[in-house]
Each structure stands twice: as structure tokens, then as C-alpha cells.
Amino acid sequence: MKETLKSVKAREILSSGSTPSIEARVTLESGARGVFSVPYGASAGVHEAFILLDNDKKRFLGKGMLKAVENINNKIAPTLIGMSAFKQKEIDQKMIELDGSENKKKLGANAILAVSVAVARAAANEKKMPLYEYIREAFNLQIEDYRLPNPMMVMIEGGKHADQSTDFQEYSVSPIGNKSAKENVRCGIEIYLTLKKVLKEKGFSVNVGNEGAFAPNGLESNEAPISLIIEAIEKAGYKAGEEVGISLDPAVSEIFENGKYQLKKEGKSLSSAQLIELFNEWIAKYPIITLEDGLHEDDWDNWPKLNAALGEKVAIITDDLTVTNLKRLKKAIETKCGNAILIKLNQIGTLTETIETCMLARENNWMTVISHRGGGETNDTSMVDLAVAVNSGFIKVGPSRGERVCKYNRLMEIEEEIGVKRL
Ligand code: PGA
Ligand code: ZN
């Protein structure tokens, strides 16, 4: 049949952080093709699905992905060839079984995901559908109408994404006015360009970090970026709080050492309770609308306290805690750890599992935020189609560099296809 998988091929490519990654190419009997390249996370959570690296120090300092490429070409391809590309769930299940481990450590989540999304792309091409529409059909998603996600645009980055910036990882702007995707993207970019001027005037460098956001040296505190961003919002002609909110991803799993959160920049080490209090103060002072990874990835006891204290004021987003994993999300919902989840395809490793997690979140009124990866993005834009398919609240993507802006360009393209959809 024409929708049957005829070939599945992979190759090692480079991602934005100059770390290797994988591109898979699926061809159907009809000749329709699907290509997907997986991203690579810099501050990956420990509970994420396993990314298989070669660990051959003679190639790419150990970060090569030839083993995962071989797993696709020699193990996954012969298993899947002959199956219908329209059977996405069965294909994903087959790869999960072939791997047989809890976290995809045999074949590598990088190998499995590359094929999973490439299959969906080939199937969508075969049906002459955009990917977002195909995802709704393939998973029979009962979602009425489309609501395009708002951008969550990273303005200043630190932590593992930049040297000598802040302890916290991301300070973003999130346009919240009831505007079109195009206007929202323009708003974020105008703030970014204005922030560049604000930083320059104050004598900061305007070099950018992994995600294309600014990563200035010499900021006086972890709080300082917030005022700078608010200044930029206002100078760009927008109203902070009404038209644009601030989104924080302190990514504190990365700074949790010896039982405390180490704010090296300020010479402080804080307990969970003290960190919650710090965020509480900031939320009282600034127009913060979302807080992601406000506690570390195993701090199950304190997440409910964070959510109880702040969850009515801002969206409490779990990232490293839930890692797009259905079981971890279930636990987080049951124990009331938050009210929103960050979704990254390569945290879990198949399209099917990603959709299941998104739908569980929706059923429980948790907002989904589909995210780029910090360290090693590719020019693939499937994450945007995923966001549109499940009506995500936001897409989190950096404001510059080709591998980031292609996501916003895709969002605006989708808006041209389906018309302006407001949140
Ligand atoms: P990562 O960062 O891709 O490096 O994990 C993004 C995030 O933490 O949201
Ligand atoms: Zn995060």
C-alpha cells in the first residue's frame, strides 16, 4: 500500500550548540517523505528519557551519536518497514517494545524520537495535511477549534545556558493581550531589540547565550534582569502586566547542591521554603505570570507548598519534575505540584507519549507549554505544530538565531493558513 514504510534512514547532523544530533528520513511506498531532526538539551533533567551518546572521546568529545544512528538503520528500520505510516501509536509502541527498557536506554530516545516524528511527517505529507492537522486526526484529539499559542520569548539567560550571567536560567516576556500570533511575535521581538539598547546604554555586553537571549556579565543580582526587561517593555511602548507578562525559568535543579539552592552570584544558599518566599516577594513586586522549575526535580514534598503559595497568582510550570512523562505528570497532578507543564518531545522520546501527556494535562486543566531545547536546537519546527495541535498556551523559544526564529516563522505561517485565533 502506498502509506507503507519503505525505508527509514538516519544520519548524524549538528545541532545549534555544535553538539551532534540525529536526522531521520522516512520514505513511504508512494514516495512521500518525512524528515525530523531531534534537539539536544543542555540542562536536561535526570528523569528524562535516555539520550544515547557514543562516549567515544575521539569523536566530538564523546558526544557523537553514531550508535543511535546505527540503531535506527539496523534495528528500528527492519522492524518498522512494511508497517502503515498512519498507525503512529502502533509504530511508537513497536519501538518502545524493541527497546524494552524503562527509559529507552537500549536504542536511545534520540533514535526513537527521530523516527517517531519523521513517520508522522511522512504520513501528513501522504495525506497532504499540515502536521498539526494530521496530529489531531491520528490521535483523534477531541479539541474544538484552534487557539494559537502565545510566544514565551527568552530575553535574558543565565544558568547553564550562558557563562557568568545569572544563577537562574531564563527571564522571558510573554505577550498576553488578546492579539494575533503575528502581533505577539512582533511585540516580543520589539522588546528584545529595545532591551538591547537598554543594556548597551547601561554598559552591559549584548552577547547572546545558547537560546539567542542576552547573557550580560556583571548583573548585580538574580533579580536585576526583571527590572531591565520591564524597562524594555515600557520603552518599546507596551504595558507590563496588561499586555506583556514576565515568565521565569530559574531551572533550580541545576543549582541544588548539598541540600540547598546555591545562589553563587549572591553568595546565598536557600532552603526550599526560603526560595518559595523569594519568588513570593518577586511576584508581589513584578508582573510575573509564570514560574517554571521553581524547585528541583525531586523536591516532591515542597512542590505542593510552592503551588499552594503561588499557584493562584501565576502559572506554576513543571519541567524537570515531570519531563513530559505521563507517570510523573499523574503524580504531580495528584499531589497538586503545579498547574502547567513544560513539554519537550525529546524528554520522553515518542510522539504518542508526548500527546498522551499533553492530553492528561488538558483534562486536568493544566496548561501546556511546548518548549525548544536550550543547548542543541535544530531547524525543525514540528514542536510548533504540536503546540497548535493540542492548543498549548505558549511556545517557549528564544528570540534570535535561525534555529529559534524558524519556530516563530512557522507559528506565523500557521496563522496565515488557519486565520487569526485568539486565546
Ligand atoms: P534545556 O533548557 O533544553 O537546556 O533543558 C530549557 C528549559 O529548561 O526549559
Ligand atoms: Zn525549564
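Me: Let's start with one residue: where does Ala42 lie?

Reply: Ala42 sits in the loop between β3 and α1. Those labels come from DSSP runs numbered from the N terminus, with helices being H or I runs of at least four residues and strands E runs of at least two. Before we go on, this is a predicted model, where local features need pLDDT of at least 70, side-chain atom pairs count only at pLDDT 80 or more, and totals for chains, interfaces and linings use all residues. Residues are numbered from 1 along each chain as its sequence is written, chains are lettered from A and ligands numbered from 1 in the order in which they are written, and side-chain values use heavy atoms, with hydrogens and water left out.

Me: Is Ala42 buried, partly exposed or exposed?

Reply: The general idea is a set of cut-offs: buried means under 20% relative accessible area, exposed means over 50%, and partly exposed is in between, using a 1.4 Å probe and protein chains only. Ala42 has 30% relative accessibility, so it counts as partly exposed.

Me: And which residues does Ala42 touch, not counting those up to four places away in sequence?

Reply: A contact means heavy atoms within 4.5 Å. By that rule, Ala42 touches Lys160, His161, Asn210 and Gly375. For a C-alpha distance, take Ala42 and Gly17: they are 25 residues apart along the chain, and their C-alpha atoms are separated by 8.7 Å.

Me: What about phi? Which sign do most residues have?

Reply: Most residues other than glycine have a negative phi. Phe60 has a positive one, near 45°, and is not a glycine. Look for Phe60 in the loop between β3 (33–37) and α1 (66–80). With a relative accessible area of 38%, Phe60 is partly exposed.

Asp293 also has a positive phi, of about 45°. Asp293 lies in the loop between β10 (288–292) and α8 (303–310), and with a relative accessible area of 1% it is buried.

Me: Where is Ser165, and what does it touch?

Reply: Ser165 is in the loop between β4 (150–157) and β5 (170–175). Ser165 is buried, at 8% relative accessible area. Leaving out residues up to four places away in sequence, Ser165 touches Glu157, Gly158, Ala215, Pro216, Leu219 and Lys265. Leu219 is 54 residues from Ser165 along the chain, yet their C-alpha atoms are 6.9 Å apart.

Me: Let's zoom out. How many helices and strands does the protein chain have?

Reply: The protein chain has 13 helices and 14 strands. Its radius of gyration is 21 Å, close to the 22 Å from the globule rule for 423 residues, so the chain is as compact as a globular protein of that length. That radius is taken over C-alpha atoms, and the rule is 2.2 Å times the number of residues to the power 0.38. Along its principal axes, the C-alpha trace spans about 60 × 50 × 40 Å. Buried residues make up 62% of the 423.

Me: Which domains does the assignment give?

Reply: Domain bounds come from an automatic or database domain assignment. Here that gives domain 1 (5–128) and domain 2 (147–422). Their centres, taken over C-alpha atoms, are 27 Å apart. Across the two, 34 residues of domain 1 are in contact with 31 residues of domain 2.

Me: How are contacts spread along the sequence?

Reply: Count the contacts between residues at least 6 apart in sequence: 70% of these join residues at least 24 apart.
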